[in-house]
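Q: Hi! I'm new to this one, could you walk me through it?

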Amino acid sequence: MVFLLSLSGMFSPPLGPVPSAGVFLRSSTSSAVLLTGTGSPATLYSGVQYAVTPAGFWGVVAQTATTPGIAKDQALGSFLNSTPVTTFTFTQMSDQCNITANRLYSDSGSWSTGCGFSLSAAKAWCSSRGTRCLSVVILPGENNNSAEDGGIANYLVHTLHFQPTYFAIGNEPQLWKHYGKPWGLWRTTDASTPTPLAYAIDVRNGIKAVRSTDPSAQFIGIESMDQQASTWFQAVARVDGSQIAAVAYHTYPSMQGKTTVTLSEFLAPLVGAHNITSSYAMVRSDLQGMCSSCGKLPIFISEFDSGPGWAPSNYAGTWANAVFLAAMGIQALRANVSSYEMFHLQSDSSSVAWSMMNSKNALSPSGALYSKLLCHLQLGHVMGTKIVTQVGSVWSVLTVENGQASLLVVNADTSQGIDLGLNHVLNVKIGTTPTIYSWSSGATAPAVHTAALSTTYTVPALGMLLIDFTV
């Protein structure tokens, strides 16, 4: 099966008690040591290069509690600056939004003032970050009005002086119900959904209209509701393949399709047909042969979180969700995904389900994952390490760039820890000292120490290990 090449642990977990976490002896000097616990044996092996990760790999759907929040909320901005996130997608209710008039339309055709996001705030935020801000702006597509898209692009580029990195024509066209109708004529009884070919032509017309006012505009060909959309990807690739820079899909993996699940059910999609290894391969296959360059089109996962897709589950917003995101992130790195964007940045309530922080800027475990661990992961050349163990759902990746390297290990097994033998795979430069981050359930941040490598490290059940070192 395809996923075995990137699966670190390939056997069913034996029954047994939850092992103790590795114990850190904290010290202000490099003499701190890590004592291994009682996990199952595991051995690290080296592998070939899988991918080279682009700078915009880490991303987020920039949905915030208040419309101008991304530029005006200092705590939110400080948090983002502590993360590796560089790609920001602005998509909230985009098909219902007349950006130039600042009107948000309902399914009944009525409108209210104020769209779900502020592109003037987006422009201010990106300007403050310079090259560390790649932006995706979703133009309305459901009303099938290319002239409107051209007018919005003209407003963005020539009035706001904001040049998005990418445009897309509409969001999740498979779910549209008002296709081809002006906003004011929308009705709740509408049932007009485009065919894949009609949508592809809509995209072609939108690209022409936008480029008439913004010749340098780049486009994501489709923001698909999921990866199971072969006819949609193929139609867009055939009609628009030579004019687009990427395609994107959304995925909220779930085995049960329910909002109340067990912990094992919640984590089960990490293995098999629902995971990123499989979904990416499916989309890549759909694009092959559709145009001369389609086989190499970048693929974005522009919305990702735990499932089910129609609502968060009882484990969203918990430590298990952070483990889920980290393990799938390893899969995305190894699969050569071009952008991996979490849904979403900030909720509009006290809840942190499916968000990095709540409306009061309190971090979720997923937000902490990005700001306290993934920010230390070196991006660049992705090496396909493998961990051989009898514990299931153990994931690893080794990344190397400009003399710096990181090994990230995520143990998503619910009951068994591992004692990971490094097997001389990590070659640390003489005279340098690695930094080790170890994180387990119940801790608000990883334990950190700087010391010479141990031969073995314990990664507890639902735990993570990151080793940063110089090569």
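A: Happy to; we'll take confidence, then a sheet, then the empty spaces.

Q: What should I know before I start reading?
A: This is a predicted model, in which local features need pLDDT of at least 70, side-chain atom pairs count only at pLDDT 80 or more, and totals for chains, interfaces and linings use all residues. Residues are numbered from 1 along each chain as its sequence is written, and side-chain values use heavy atoms, leaving out hydrogens and water.

Q: What is the mean pLDDT?
A: The mean for the protein is 92, and 92% of its residues reach 70 or more; pLDDT is the predictor's confidence in each residue, from 0 to 100.

Q: And where does pLDDT stay under 50?
A: That is residues 1–35. The model has 83 contacts beyond four places in sequence for this stretch, a contact being heavy atoms within 4.5 Å. Where pLDDT is low, the predicted coordinates should not be read in detail.

Q: Okay, new topic. In what order do the four strands of the open sheet come?
A: The order is β17-β3-β20-β23, with mixed pairing. Strands are DSSP runs (E, at least two residues) numbered from the N terminus, and two of them pair if DSSP finds at least two bridges between them.

Q: Which strands stand at the edges?
A: β17 (386–389) and β23 (456–459) do. Each has a single partner strand, so one side of each is left without a neighbour in the sheet.

Q: In which sense do β3 and β20 pair?
A: β3 (residues 40–45) and β20 (residues 418–421) run parallel, over four bridges. Within β20, D419 is the bridge partner of P41.

Q: Switching again: how much space lies in the largest pocket?
A: About 980 Å³. On a 1 Å grid over the protein atoms alone, a pocket is an open set of points with protein on both sides within 12 Å along at least five of seven lines, while a cavity is a set where a 1.4 Å probe fits but cannot get out; lining residues have an atom within 4 Å of a point. A volume is the space filled by probe spheres set on the points, which are joined across faces, edges and corners.

Q: Which lining residues are closest to the pocket's centre?
A: Of the 40 that line the pocket, those are E172, L175, M225, Y252 and G309.

Q: How many cavities of 30 Å³ or more are there?
A: Two. The largest has a volume of about 50 Å³, and its lining includes P253, F266 and S313.

Q: What lines the second largest cavity?
A: A62, T64, T67, I70, F90, F117 and S118 do, around about 40 Å³ of space.
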